[in-house]
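Please read this report alongside the sequence and the 3D view. It takes up the arrangement of the chains, the contact between them and two chosen residues.

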Number of protein chains: 2
Amino acid sequence: MARKAASVNRKEELVSAAVDVFAEIGYYRATTAKVAERAGISQPYVFRFFATKEDLLTEALSVSWQRMTEAFRAVIDRAGADTLEEELVEAYVGIMEKHRSEILLQMQAQTIGEPRIVETMRSGFREVRTMVEEAFGRAGIADPKRRTLLFLARGMLCNISMSLDLPELMEEENV
Amino acid sequence: MARKAASVNRKEELVSAAVDVFAEIGYYRATTAKVAERAGISQPYVFRFFATKEDLLTEALSVSWQRMTEAFRAVIDRAGADTLEEELVEAYVGIMEKHRSEILLQMQAQTIGEPRIVETMRSGFREVRTMVEEAFGRAGIADPKRRTLLFLARGMLCNISMSLDLPELMEEENV
DNA sequence: TTGACTTGTAATTGATCAATCACTAATTAA
DNA sequence: TTAATTAGTGATTGATCAATTACAAGTCAA
């Protein structure tokens, strides 16, 4: 089974390299050769793991959404009702700091019209929204639907603040 | 002077075609040939108006920001203090409906790392923010800084709602 | 009316890149 | 040991595209 495990690692390294390269120079400018180089493999070998470049993007996106939902899930399972929103914001900021590339990739994917990409983004968004809304409801927070949308909206503004380097959009005292 | 005026029109038509084509299939997938076809001119002729494809994108972005700031300026000059925010939201929704492509282009540009694109986006964002914040201040709205950021955040969520076709992110009753 | 200028295009070029092909080297199972 | 499978690469291909070149037809001023 050592073979299999090594192969899984290779694939994970490849996806992780793809996230970074796609985020740095953009999906369409990023070449499979650059991704391969970052992953330490040859360019043709990329296509042993993913049939097309778009398949690789889809997987990279899925991984980024998984990280986000898992982080939120952990907060929801642990946080008290009074600090829930605060801790969700903290978790998101944490992801933005530690996994900047994944957020930048998601931002790109917001405008890539390919049906499979759109679907991946839609389901990611829906899952986060549902999860947060239910948690807000259970925590007895007033108007959970509205609060969830505000939470998401602030997140989207944070993204832009990061990608365009406009820190004034994230002033803590105005949250 | 008829020559000059016709030339200005051609250029405007070209930029407008670029906005649409870039928005539809993405800046990097959009070819100068497709933009030219949409504008009803030949592909090489594009380069008589703009030295590079990126120059064309920069101009297209500038135009889209101008439309937005002009629309907001008109509202601010006209609206009463009590309906200011409401009317600004209306104006934004109007742009999203009538000039969907321009919003989609701005969303793309949020993650295009090219320095001149970043700078165009930054100055557009700053101008809108400053304009709205000052108007909120003059209108005696409480906490104008915070309200402006909320206004922008909601706008960014609207964008995503449109581009990913997730109408539940824009439920009127939760605004 | 001729020469300079403007408007416009067809054809080409040089680069780039996703994907395929043809192959070698290592690993494993019998 | 050997046959089959797996891991991995170099070389190539076919397509695409931004940008250039070289040219033609119209316009206008002297």
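The paragraphs below begin with the basis of the model and then turn to the two chains.

## Basis of the model

This is a predicted model, in which local features need pLDDT of at least 70 and side-chain atom pairs count only at pLDDT 80 or more, while totals for chains, interfaces and linings use all residues. Residues are numbered from 1 along each chain as its sequence is written, chains are lettered from A and ligands numbered from 1 in the order in which they are written, and side-chain values use heavy atoms, with hydrogens and water left out.

## How the two chains are related

Chain B is superposed on chain A by a rotation of 180° with 0.0 Å of shift along the axis, at an RMSD of 0.0 Å, the fit being made by least squares on the C-alpha atoms of residues with pLDDT of at least 70 in both copies. The two copies are thus related as by a two-fold rotation axis. Among the residues of chain B, A153(B) comes closest to that axis, with its C-alpha at 2.4 Å.

## The interface

Chain A and chain B each bring 37 residues to the contact, where contact means heavy atoms within 4.5 Å. Of the interface residues of chain B, 100% are also interface residues in chain A, so the copies meet through the same surface. The area buried between the chains is about 3400 Å², with 65% given by carbon and sulfur atoms; this is the accessible area (1.4 Å probe) lost when the two parts are put together, summed over both.

Six salt bridges are found across the interface, each a side-chain nitrogen of Lys or Arg within 4 Å of a carboxyl oxygen of Asp or Glu. One of them joins R126(B) to E168(A), whose closest N and O atoms are 3.3 Å apart. On the side of chain B that touches chain A, α6 (100-109), α7 (115-138) and α8 (144-163) each supply at least two residues, and α8(B) gives the largest share, eleven residues; such helices are DSSP runs (H or I, at least four residues), numbered from the N terminus.

## Two residues in their settings

Q110(A) lies in the loop between α6 (100-109) and α7 (115-138) of chain A, and at 6% relative accessibility it counts as buried, a word that means under 20% relative accessible area, whereas exposed means over 50% and partly exposed in between (1.4 Å probe, protein chains only). Leaving aside neighbours within four places in sequence, Q110(A) is in contact with M121(A), M156(A), M107(B), I160(B), S163(B) and L164(B).

E70(B), in helix α4 (residues 53-78) of chain B, counts as exposed at 52% relative accessibility.
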